[in-house]
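This briefing walks through one protein chain, beginning with a pair of strands in a sheet and widening from there to the chain as a whole. Please keep the sequence and the coordinates at hand while reading.

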Amino acid sequence: MSTFGPSKFGTGMKPVDRPVRGSGHAVQELAGKRPKPQLKKVMPEIWKLVRPRRFLLGGSFLLMIINRASGLVLPASTRYLIDNVMGKHQLHLLPIIVGVVMVATLVQGVTSYTLTQLLSKEGQRLIAELRMKVQAHVGRLPVAYYDENRTGTLVARIMTDVEGVRNLIGTGVIDFFGGVLTAVFAFIYLVKLSVQMTMVTFVILVIFGLILQRAFKTIRPIFRERSKINAEVTGRLTESLGGVRVVKGYHAEDSEARVFSTGVERLLNNVISSLTAQSLMSLASTAVLGIVGALIMFLGAHQVVAGHLTTGGYVTYVMFLAFMIAPIAQLVSIGTQLTEAVAGLDRTTDILSELEEDASPERVNALGTLQGEVAFRDVSFAYEPGKPVLHGISFDAHPGSVTALVGSSGSGKSTIISLVCAFHTASSGQVLVDGTDLATVRLSSYRQQLGVVLQETFLFDGTIRENILFSRPGATEQQFLDACRIARVDEFAERFPEGYDTVVGERGVKLSGGQRQRLSIARAILADPRILILDEATSSLDSESEAMIQAGLHYLMQGRTTFVIAHRLSTIRRADQILVVEQGEIVERGTHESLYAAQGRYRDLYDRQHGLETNLFLAPGEGDKVEDAVKA
């Protein structure tokens with residue numbers, strides 16, 4: 001919540017007064033001019049999809065030609081049936097005509113079945129392939145990209161935006177070109193029957209085609225916008241469901257319902273806009289059919305009466321005309337599908353064009369086995385240009401040492417850790433690992449030797465075993481059990497009926513905070529890292545559990561470069577160096593004894609926290625706010 005009511009034990013903000021979050025920017029963005037997908041940008045991506053399947057598509061086009069040609073046998077035979085068999089009583093031609101029509105119909109049915117089987121299945125394979133490609137690419141993007149995009153939005157773009165692409169390879173594109181080919185075949189035959197009527201029809205259809213082209217240019221941005229809105233709504237819904245305990249804790253169900261309703265209404269308005277455009281195109285196609293039908297009826301009757309065209313020829317002409325106009329009318333539906341596919345592919349291309357972490361030309365160095373020498377050299381960093389978070393940070397962390405970072409919230413401790421993990425790159429200065437600038441290192445070779453226990457423990461919806469083995473899937477059973485023993489996971493896991501195969505639930509909701517943190521620590525232990533990051537690793541543990549895990553962590557830290565962030569200062573007194581960070585700068589550094597004796601900022605933090613820990617009504621770590629509390 002960005003606004004809070006007075007603290008009166010429940011008399012704060014009413015549900016109806018809660019601000020609608022996450023929609024202002026999107027509404028402003030959508031209120032402006034709709035962005036149009038760039039076809040020139042999408043075409044190379046389409047070619048990448050088509051190229052491996054060019055032989056399949058080539059064979060499909062041959063089948064399509066056979067299919068469409070055989071479909072024209074029936075209308076073509078009508079002329080001979082009426083003029084020769086019925087008009088001239090040439091009954092000996094009837095078995096031949098019927099036989100040819102039956103064979104053509106059989107060929108048409110077999111080729112239609114084959115085309116559907118080949119292209120529909122290949123279209124689904126394409127969707128699966130593209131989803132895997134986009135997911136793999138998104139997984140290799142820098143953390144900064146995730147900071148700027150909602151998780152639910154990315155899920156929607158991976159799962160939904162690629163759906164329409166099947167029409168580029170599947171039956172959609174074949175129907176499109178098949179309709180065009182049928183129209184061409186029919187046009188050639190119609191010219192042979194009557195040039196006058198065909199030219200009149202052709203002029204009307206050209207005008208209709210120009211109208212369609214204009215309509216598709218209008219509707220294409222609507223489909224792109226729909227994908228965007230759908231991703232935003234899905235993203236917000238994912239957040240709401242994931243934070244259901246916070247929502248219910250603040251009785252915000254009505255607020256979330258309104259936010260979702262606003263998004264759904266935006267999606268509904270977009271769909272209505274596209275349906276209106278499609279309806280207008282359908283109306284135009286129906287009008288064209290009526291106008292052309294009336295003109296052919298008028299001109300055809302005059303030509304039959306004048307003797308320029310036989311009755312059978314007129315019936316054949318009308319049937320062929322239907323075969324020419326019907327595919328063009330179907331282009332409204334097929335063109336909409338292809339437009340939606342191009343719009344989705346355009347958004348997918350946007351993601352695929354994002355630079356992967358290791359794709360930077362500077363990242364050319366692959367690290368071998370690390371010694372663990374970490375050095376910051378005059379490092380500055382800003383998440384946003386012009387708003388620096390770190391200023392001239394310099395320090396050394398040697399192998400086997402423990403470096404502790406302390407300071408008030410927002411001072412920059414987690415940002416320093418983020419640079420050590422290479423989640424972000426320094427704006428200026430250097431972060432060196434074994435003498436190599438981390439900005440030039442291929443991160444795949446670096447992070448294999450990195451163990452991280454973050455402040456916000458994240459567990460997957462799987463078993464205890466699966467979550468711990470996540471860091472090292474090939475570990476032996478003994479290595480797994482040793483990690484569980486050191487992190488004290490065995491103490492609670494072996495009490496469950498299913499033991500280590502107990503499912504922890506989404507984000508580990510079936511475990512306590514302390515149990516989740518123990519699993520996270522066991523995961524880091526099993527990784528056997530050269531550089532270990534502990535960001536409030538024991539913050540959710542009781543004193544007894546923390547004491548036991550500290551012993552295991554002390555064993556783990558031996559021979560490794562360890563970085564620790566801890567608000568509970570009593571846990572870092574044995575650190576080799578303590579860096580006191582305030583407002584993005586290191587204001588003090590040294591051991592616990594030297595900093596305590598200096599009576600500076602560290603001594604102030606330590607004494608304040610030590611005093612608060614004797615107050616049963618306040619939890620450890622709240623010392624930074626004591627002055628504010630007194631003033632209030």
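In this predicted model, strand β6 runs parallel to strand β7, which spans residues 531-535, and the two are joined by 4 bridges. Within that pairing, leucine 450 has isoleucine 531 of β7 as its bridge partner. The points below place this pair in its sheet, then turn to a helix on the sheet, a residue in strand β3, a hairpin and the totals for the chain.

**The sheet and its helix**
- The sheet is open and contains 6 strands with mixed pairing, and its order reads β6-β7-β8-β3-β9-β10.
- Because β6 (450-453) and β10 (585-590) each have a single partner strand, they stand at the edges, and one side of each is left without a neighbour in the sheet.
- From one strand to the next, the twist averages 15°.
- Helix α14, formed by residues 413-420, packs on this sheet and touches β3 (402-406), β7, β8 (561-565) and β9 (577-582), while the direction of α14 makes about 155° with that of β8.
- As general background, the strands of a sheet pair through backbone hydrogen bonds, in either a parallel or an antiparallel arrangement.

**Leucine 405**
- Strand β3 contains leucine 405, and this residue is counted as buried because its relative accessible area is 0%, where the cut-off for buried is under 20%.
- Leaving aside residues up to four places away in sequence, leucine 405 touches Lys413, Ile416, Ile417, Val564, Ile565, Ala566 and Leu579.
- Leucine 405 and isoleucine 417 are separated by 12 residues in sequence, and their C-alpha atoms lie 9.1 Å apart in space.

**The β1-β2 hairpin**
- Strands β1 (residues 374-384) and β2 (residues 387-397) pair in the antiparallel sense, with 7 bridges between them, and phenylalanine 381 has leucine 390 in β2 as its bridge partner.
- These two strands, β1 and β2, form a hairpin with 2 residues between them, and in the turn glycine 386 has a positive phi of about 85°.

**The chain as a whole**
- The chain holds 23 helices and 10 strands, and 43% of its 632 residues count as buried.
- Among the contacts in the chain with a separation of 6 or more, 77% are between residues 24 or more positions apart.
- The accessible surface of the chain comes to about 32,700 Å², and carbon and sulfur atoms account for 60% of that area.

Conventions: Residues numbered from 1 in each chain as written. Predicted model: local features only at pLDDT ≥ 70, side-chain atom pairs only at ≥ 80, totals over all residues. Heavy atoms only, no water. Pairing = 2+ DSSP bridges. Axes fitted to C-alpha atoms, helices over the stretch in contact; angles between N-to-C directions. Contact = heavy atoms within 4.5 Å. Buried < 20%, exposed > 50% of the residue type's maximum accessible area, 1.4 Å probe, protein only. Areas by Shrake-Rupley, 256 points an atom, 1.4 Å probe, with all protein chains shown as cover.
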